[in-house]
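Notebook open. I wanted a look at one helix, the loop after it and any enclosed empty space.

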Amino acid sequence: MTEVPSIRIAIMGPSGSGKTTFINEASGSDFAIGKGLESCTSEVQATKLFKLNGREVTLIDTPGFDDTSRSDTDILAMIGAYLSQTYEHGAKLAGIIYMHRISDFRMGGTNKRNFKMFRELCGESTLRNVLIVTNMWSEVASDLGEMREKELENKFFKGILDKGARMLRHEDTQESTHRILRYLIHNQPATLLIQKELVNEHKSIIQTSAGSELTRALNEQRERHEEVVAQLRKDMETAIRDKDHETREELKEEIQTKHELILKLQGENERLEAEFKAVREKLEARISEMEKKHHEQGQTVDALKEQVETERKDKEKLAVEQEQNERRLRRLEEDIAKAEELDSVRELNRLATVRAELKKELLKEEQQITKESQVGGGGLIEDVVAWMKSWWS
């Protein structure tokens with residue numbers, strides 16, 4: 001029988017959109033959940049296998065591109081390394097879920113940046129395996145939530161919905177999570193764009209669509225900082241002319257801070273490449289260690305199987321020997337019964353022979369007595385003979 005492969009589904013979206021809560025509800029995991037403004041998912045993590053409709057499912061939790069503790073460079077390096085490394089080892093995704101808070105009253109820059117990176121990671125060819133899942137419906141009035149849902153369908157998410165993606169509601173229950181996952185578990189696993197670019201086309205992380213989008217966003221940030229610096233320099237010239245030493249020192253500090261940010265942004269591409277390689281090496285080491293443990297477990301299982309097989313054969317041998325002994329015992333008992341029966345027949349024959357001989361002797365004695373009685377008359381002996389005849393008859 002062909003082994004049915006397990007289903008792998010990635011959960012993506014902004015920080016605080018309920019990705020980890022969804023995963024915990026669906027799989028029974030206990031991944032840490034962020035509180036307030038702090039995000040908690042700081043690395044890609046996968047659940048243990050769990051059963052759904054007879055299929056084994058793994059959910060993959062990913063950090064958002066607005067993480068409070070990691071930069072977008074770190075997040076892309078982490079997600080890119082995980083997706084490419086697992087793809088090289090034969091793992092594809094049957095589905096991708098993008099989580100969105102229906103409670104958000106507008107599509108701000110954070111949501112737009114996260115969704116843009118999501119599009120660049122997935123590409124166009126995998127959109128039929130994508131679900132847009134809105135949640136946190138309990139935090140808005142139903143009519144307001146429905147109005148926002150229509151707006152999302154007709155504007156923000158329209159492009160991918162027209163290309164095969166679907167939009168569903170999450171109602172904060174395990175049954176709701178399982179209902180959503182059932183839309184994906186029978187999908188044909190697909191290759192994401194970033195997997196194709198990194199593995200099949202051997203591109204660097206910077207050359208990928210997601211890497212290019214991140215570079216564009218970083219350049220925009222750098223240009224904005226440079227514009228601010230230019231304005232700060234003008235303000236500083238004014239402060240110098242006015243001999244406003246306090247304002248000049250404040251502006252000098254601001255310019256220095258902006259320069260540091262600009263230098264950091266200029267070095268992000270190199271850091272992205274280095275971080276990507278470091279995460280891949282770390283993942284490869286983890287995968288190698290897991291494969292080693294799996295091999296050791298396999299050897300242990302094989303040894304246990306061999307031991308079980310030996311014990312099974314020993315039990316079968318003992319069972320056969322016991323059955324043979326039981327058959328021998330039954331035959332012996334039958335032989336004993338036959339022997340006893342044969343001995344009884346012999347004894348009866350012996351007694352019959354004795355009886356016949358006694359009858360002969362009695363007959364002779366009777367004849368003798370009769371003969372003597374004819375000569376000497378009857379008496380006590382005749383009576384005894386008559387009694388013995390009656391007894392033997």
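For my first entry I need a cut-off: a residue counts as buried when its relative accessible area is under 20%, and as exposed when that area is over 50%. This is a predicted model, so I am reading computed values throughout.

Entry, helix H3. I looked up residues 109-122 and found a helix of 14 residues. From first C-alpha to last, H3 reaches 20 Å, close to the 20 Å expected at 1.5 Å a residue. Then I went through burial: Asn-111, Asn-114, Phe-115, Met-117 and Phe-118 are buried, and so are Arg-119, Glu-120, Leu-121 and Cys-122.

Entry, after the helix. Gly-123, just after H3, takes a positive phi of about 85°. Further into the loop between H3 and strand S6 (130-135) I stopped at Ser-125. Is Ser-125 buried or exposed? It is exposed, because its relative accessible area of 69% is over the 50% cut-off. I also checked Ser-125 against Thr-191: they sit 66 residues apart along the chain, yet their C-alpha atoms are separated by 8.5 Å.

Entry, cavities. I searched the whole structure and got one cavity of 30 Å³ or more. The volume of the largest cavity is about 50 Å³. Which residues line the largest cavity? I noted Met-12, Gly-13, Thr-62, Pro-63, Phe-65, Ile-79 and Tyr-98, plus Asn-114 and Phe-118. Asn-114 and Phe-118 were already on my list of buried H3 residues. By type, the lining comes out as six nonpolar, three polar and no charged.

Note on methods: Residues are numbered from 1 along each chain as its sequence is written. This is a predicted model: local features need pLDDT of at least 70, side-chain atom pairs count only at pLDDT 80 or more; totals for chains, interfaces and linings use all residues. Side-chain values use heavy atoms; hydrogens and water are left out. Helices (H or I, at least four residues) and strands (E, at least two) are DSSP runs, numbered from the N terminus. The expected span of a helix is 1.5 Å times one less than its number of residues. Buried means under 20% relative accessible area, exposed over 50%, partly exposed in between (1.4 Å probe, protein chains only). On a 1 Å grid over the protein atoms alone, a cavity is a set of points where a 1.4 Å probe fits but cannot get out, and a pocket is an open set with protein on both sides within 12 Å along at least five of seven lines; lining residues have an atom within 4 Å of a point. Grid points are joined across faces, edges and corners, and a volume is the space filled by probe spheres set on the points. Ala, Val, Leu, Ile, Met, Phe, Trp, Tyr, Cys and Pro count as nonpolar, Asp, Glu, Lys and Arg as charged, and the others, Gly among them, as polar.
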